[in-house]
Amino acid sequence: MTESAPPKPETEAPAETPPQPSDTTPETVVEETAAAVVEEKSEVPPIAAETVADVVERVPEAAEEKSLEGSQRRDIVLARVETEKRNSLIKAWEESEKSKAENKAHKRLSTEKLEKKKAVYAEKLKNKIALLHKEAEEKRAIVEAKKGEGVLKAEELAAKYRATGTTPKKLFGLL
């Protein structure tokens with residue numbers, strides 16, 4: 001059997017701890033701890049100021065809770081849960097209203113785009129119909145002109161036959 005070497009523990013660089021001030025209030029301890037955690041792990045986003053304030057507020061509350069009796073502590077916790085639930089419902093309602101407003105705006109925009117497309121298409125159809133009417137009028141005018149020319153030609157021939165006293169060679173295709 002081969003002897004395996006015991007695994008070597010991974011060595012890490014010792015974490016630098018900020019120097020502790022002489023007066024250690026819960027607020028300064030929380031801020032310094034948060035700053036140290038952020039320095040140690042760069043992938044953790046920095047803690048917002050309001051989050052630090054929330055933590056600072058909870059520290060005295062935790063001390064108060066320990067001094068209270070069990071039923072009072074439970075009532076406080078239940079009230080806090082109720083408040084958080086109400087806040088989450090309000091936030092959900094707010095998000096819902098925002099999405100409704102966004103949907104209305106999107107619907108209004110798409111309706112306006114559709115109306116614009118309809119108007120453009122209607123204008124194109126009107127132009128096309130006007131062009132067709134113009135072409136039809138031109139063709140009617142050509143037909144009327146040819147008809148007028150035919151009538152004039154027939155009148156001229158009739159006047160010629162009257163003046164000469166001859167009859168036409170073709171009479172309605174019968175002769």
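Among the elements of the chain, helix α3 has the highest mean pLDDT, at 95, whereas helix α2, which spans residues 49-67, has the lowest, at 53. The model is a predicted one, and over the chain the pLDDT averages 77, with 59% of the residues scoring at least 70. Over residues 41-49 the pLDDT stays under 50, and for this stretch the model has five contacts beyond four places in sequence. Where pLDDT is low, the predicted coordinates should not be read in detail. The description of individual side chains below is therefore given for residues of higher confidence, side-chain atom pairs being counted only at pLDDT 80 or more.

The secondary structure consists of three helices and zero strands, which gives the pattern α-α-α when the chain is read along its sequence. Of the 175 residues of the chain, 3% count as buried. The accessible surface comes to about 16500 Å², and 59% of that area belongs to carbon and sulfur atoms.

Helix α3 takes in residues 70-164, a run of 95 residues, and its first and last C-alpha atoms lie 139 Å apart, a span close to the 141 Å expected at 1.5 Å a residue. Just after α3, the backbone at G165 adopts a positive phi of about 75°.

On the surface, Y121, L125 and I129 together make a nonpolar patch of about 300 Å². Of these residues, L125 lies in helix α3, and with a relative accessible area of 36% L125 is classed as partly exposed, because this value falls between the limits of 20% for buried and 50% for exposed residues.

The count of salt bridges comes to five. One of them joins R74 to D75, with 3.7 Å between the closest N and O atoms. The two partners of this pair fall into separate accessibility classes: R74, at 51% relative accessibility, counts as exposed because its value is over the 50% limit, while D75, at 42%, counts as partly exposed.

A further salt bridge is formed between the side chains of K98 and E94, with an N to O distance of 3.7 Å. Both residues belong to helix α3, where they are four residues apart, or about one turn of the helix. An α-helix has 3.6 residues a turn, so residues three or four places apart point the same way. Each partner of this pair is partly exposed, K98 having a relative accessible area of 43% and E94 a relative accessibility of 36%.

The side chains of E137 and R140 likewise meet in a salt bridge, for which the N to O distance is 2.6 Å. E137 and R140 also lie in helix α3, here three residues apart, which is again about one turn of the helix. For E137 the relative accessibility is 49%, and this residue therefore counts as partly exposed, the value being under the 50% limit beyond which a residue is classed as exposed.

How values were computed
Residues numbered from 1 in each chain as written. Heavy atoms only, no water. Helix = DSSP H or I, 4+ residues; strand = E, 2+ residues; numbered from the N terminus. Expected span 1.5 Å × (residues − 1). Patch = residues over 30% accessible without salt bridge, like charges linked within 9 Å, V, L, I, M, F, W, Y side chains within 5 Å. Areas by Shrake-Rupley, 256 points an atom, 1.4 Å probe, with all protein chains shown as cover. Salt bridge = Lys/Arg side-chain N within 4 Å of Asp/Glu carboxyl O. Buried < 20%, exposed > 50% of the residue type's maximum accessible area, 1.4 Å probe, protein only. pLDDT = per-residue confidence, 0-100. Contact = heavy atoms within 4.5 Å.
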